[in-house]
Amino acid sequence: MSYHSHEIACLKGARHLIVSCGSYKRSENLVVVFDKNTANLSKYFKRAAVELKANFKLIKLPAALMHGEEPPSEFLPDLVNADLLICLRENSMAHSKARILQAKNGGRFLSLPQFNINLLADPCVVVDYRKYFNTVRKLANELSSGTDLYITSVLGTNLHIKVDGRSANCCPGFVKDAGDLGSPPDIEANISPLEDGSNGVLVVDGSIPFEGFGMLRDPVKMKINAGKVVDISGNGITPRKLEKLFDGHGSEKTRILAEVGIGLNPFAKLSGVMLTDEGSLGTMHMGFGSNYTVGGLNDVSFHVDFVFKNPSLFIDDKMMIQNGMLMF
């Protein structure tokens, strides 16, 4: 792709995120936040907002050290009063109290962690997200009505997960109603398990979309007992790095299996970037740490996802996915 065509694709991506994914209306208050890691993207959103004659504000925030970290309090008035808040921060604010307050105020939130210049120009960003809405909603409804999940993979994943009483999240990649949260190009349905209700083995062979990890060369095996990771094994230094990561935040809550997600974007490919990996059709991901903002009870400033390929998923006794293929 030439420099000129890449610039055009980036501007197209920014415009699509504002208008199609964000459902922006000219009378609304648009706020785009970024940090030092994503400053090079902000110009495309500014150009798109100017072209749209939007009422907008660009705000540079300090870089966060961890997903779920709260923004500095001096920025809260602008953030929580935005009709549409687009968050280009390197680490996600989706699991923050600030995002919840903005939702309570009727705002919509696009969470775009780990976005980079190549992703902004990627065709997986400018898909017709509404086309996949019914699939996402059906799977979310099945998860919400379920009691037990059983998840396997050829490499050895074997997990029993209790979700009784929990409501799933339908995340189609666009937001249109007050309080909606979206993370394009991630198209997914997810649910928060009971915090002590997960048991078995998770074999991660896709990616850990977090700084210092990314795409995996060797699978990582994680043993889970009563909802918590109790052992991590595999080749290389990744298991030791993960143990250090979990232990480095001073709370056993980091080890709780907090999210079960299913990717549904057929154009997203595994790349080590959170939003393409979590949304990639044919994968599932398990999030550990915080889930209190998305339907669970675990409150900790920590959330890390683990993506694995070609899963099989049963909701109660009903097969929904077989070796990565949707069965509905």
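In what order do the strands of the open sheet of 8 strands run? In this predicted model, the order is E14-E13-E10-E6-E5-E18-E19-E20, and the pairing is antiparallel. The legends below take the sheet, the cores, a helix, a loop and the cysteines in turn.

**Figure 1. The two edges of the open sheet are strands E14 and E20.**
Strand E14 covers residues 228-234 and strand E20 covers residues 325-326; each of them pairs on one side only. At the E20 edge, the partner is strand E19 (residues 318-322), joined to E20 in the antiparallel sense over 2 bridges. Glutamine 322 stands opposite methionine 325 of E20. Helix H7 (residues 238-247) packs on the sheet, where H7 touches strand E13 (220-225) and E14. The direction of H7 makes about 155° with that of E14.

**Figure 2. Strand E13 is joined to strand E10 and to strand E14.**
Strand E10 (residues 198-204) and E13 run antiparallel and are joined by 5 bridges. E13 and E14 also run antiparallel, with 6 bridges. Methionine 222 in E13 is the bridge partner of leucine 202, and isoleucine 232 in E14 is the bridge partner of methionine 222. The side chains of E13 alternate along the strand: Val220, Met222 and Ile224 are buried and point to one face, whereas Lys221, Lys223 and Asn225 point to the other and are not buried. The hairpin of E13 and E14 has 2 residues between the strands, and alanine 226 in its turn has a positive phi of about 50°.

**Figure 3. Strand E18 is joined to strand E5 and to strand E19.**
Strand E5 (residues 148-152) and strand E18 (residues 312-315) run antiparallel and are joined by 4 bridges. The bridge partner of leucine 149 in E18 is isoleucine 315. E18 also pairs with E19, in the antiparallel sense, over 3 bridges. Here phenylalanine 314 has methionine 319 of E19 as its bridge partner. E18 and E19 form a hairpin with 2 residues between the strands, in which aspartate 316 takes a positive phi near 55°.

**Figure 4. The largest nonpolar core holds 80 residues.**
Which residues of this core touch the most other members? They are Phe45, Phe115, Met222, Met286 and Phe288. Helix H1 (residues 3-21) supplies the largest share of the core, 7 residues. Apart from this core lies another, of 11 residues, including Val33, Leu61, Cys87 and Phe109. Leaving aside neighbours within four places in sequence, methionine 286 is in contact with Ile151, Leu159, Ile161, Leu202, Leu257, Glu259, Val260, Val304, Asp305, Phe306 and Phe308.

**Figure 5. Helix H2 (residues 39-51) has its buried residues on the same side.**
The buried residues in H2 are Leu41, Ser42, Tyr44, Phe45, Ala48 and Ala49. Because they cover an arc of only 160° around the axis, they lie on the same side of H2. In an α-helix there are 3.6 residues a turn, so residues three or four places apart point the same way. Just after H2, lysine 53 takes a positive phi of about 55°.

**Figure 6. Valine 125 lies in a loop between two helices.**
The loop runs between helix H5 (117-120) and helix H6 (133-145). Is valine 125 buried or exposed? Valine 125 counts as buried, because its relative accessibility is 0%. Its contacts, leaving aside neighbours within four places in sequence, are Gly13, His16, Leu17, Phe115, Leu119 and Pro185. Valine 125 and proline 185 are 60 residues apart in sequence, and their C-alpha atoms are 4.9 Å apart in space.

**Figure 7. The structure holds 0 disulfides.**
A disulfide is a covalent bond between the sulfur atoms of two cysteines. The cut-off used for such a pair is 2.5 Å between the sulfur atoms. Why does cysteine 87 have no bond to cysteine 21, which holds the closest cysteine sulfur? The two sulfurs are 15 Å apart, too far for a bond. Cysteine 87 is buried, with a relative accessible area of 1%. For cysteine 170, the closest cysteine sulfur is that of cysteine 171, at 6.8 Å, which is also too far for a bond. Cysteine 170 is partly exposed, with a relative accessible area of 29%.

Technical notes:
Residues numbered from 1 in each chain as written. Predicted model: local features only at pLDDT ≥ 70, side-chain atom pairs only at ≥ 80, totals over all residues. Heavy atoms only, no water. Buried < 20%, exposed > 50% of the residue type's maximum accessible area, 1.4 Å probe, protein only. Core = buried A, V, L, I, M, F, W, Y, C linked by side-chain atoms within 4.5 Å. Contact = heavy atoms within 4.5 Å. Pairing = 2+ DSSP bridges. Axes fitted to C-alpha atoms, helices over the stretch in contact; angles between N-to-C directions. Arc of directions from axis to C-beta.
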